[in-house]
Amino acid sequence: MLDLNTRQDAQASTVVAKGEIDLESAPELLQKLTPLFKSGGAVRVDLAGVAYMDSTGVAVLVQALKLGQKSGAAFRLVSPSERVQAVLSLARLDQVFDIESEG
């Protein structure tokens, strides 16, 4: 199960994800992110509360990165949980994504 909430501030739209990003829930994340790239500001995904992410979740993040590049919007991952960080590192995507720590 995946819980998604969006926060807006002057600099960015942040989608806070909690739960699991998998085959079932990944399309929901993409659906939440896609319109944010049209708003013009930076788009961030807070992954601190994500306990599990499979390859479908990784594919959605890559797709979102491409949407950001196409629209000219910055795309960042925020505070990936240890498990998510491990998946990103294994795929060497920690070198591709702009990853920031909250705080």
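## A mixed five-stranded sheet and the helix α1

Strands β1 and β2 run antiparallel and are joined by seven bridges. The model described here is a predicted one. The connection from β1 to β2 is a hairpin of three residues, and within this pair D3 stands opposite K18 of β2.

These two strands belong to an open sheet of five strands, ordered β1-β2-β3-β4-β5, in which the pairing is mixed. Its edges are formed by β1 and β5 (98-100), each of which pairs on one side only. On average, and with direction ignored, neighbouring strands of this sheet are turned by 25° against each other. Further along the sheet, β3 and β4 pair in the parallel sense over four bridges, and V45 has L77 in β4 as its bridge partner.

The two strand pairs are set side by side below.

| Strand pair | Sense | Bridges | Residue pair |
|---|---|---|---|
| β1 and β2 | antiparallel | seven | D3 and K18 |
| β3 and β4 | parallel | four | V45 and L77 |

Helix α1 lies across β1, β2 and β3, and runs at about 15° to β1. Its buried residues include A26, L29, L30 and L33. These residues cover an arc of only 95° around the axis, which puts them on the same side of α1. In general, residues three or four places apart in an α-helix point the same way, because the helix has 3.6 residues a turn. Among the elements that cover the buried residues of α1 are β1 (2-8), β2, β3 (42-53) and α2 (55-71).

Just before this helix, S25 is found in the loop between β2 (12-21) and α1 (26-33). Is S25 buried or exposed? With a relative accessible area of 5%, S25 falls under the 20% limit and is therefore buried. The side chain of S25 reaches the backbone nitrogen of D22 at 3.0 Å, and, when residues up to four places away in sequence are not counted, S25 touches L2 and E20.

The largest nonpolar core has 28 residues, and those with the most contacts inside it are I21, L29, L33, L47 and F75. Two or more residues are given to this core by each of β1, β2, α1, β3, α2, β4 (75-78) and α3 (82-90). For I21, the residues touched, not counting those up to four places away in sequence, are L2, A26, L29, L47, V50, Y52, M53, D54 and G57. L2 is thus a contact of I21 and also of S25.

Terms used:
Residues numbered from 1 in each chain as written. Predicted model: local features only at pLDDT ≥ 70, side-chain atom pairs only at ≥ 80, totals over all residues. Heavy atoms only, no water. Buried < 20%, exposed > 50% of the residue type's maximum accessible area, 1.4 Å probe, protein only. Polar contact = N/O pair within 3.5 Å; in protein donor to acceptor, adjacent residues only side chain to side chain. Contact = heavy atoms within 4.5 Å. Arc of directions from axis to C-beta. Core = buried A, V, L, I, M, F, W, Y, C linked by side-chain atoms within 4.5 Å. Pairing = 2+ DSSP bridges. Axes fitted to C-alpha atoms, helices over the stretch in contact; angles between N-to-C directions.
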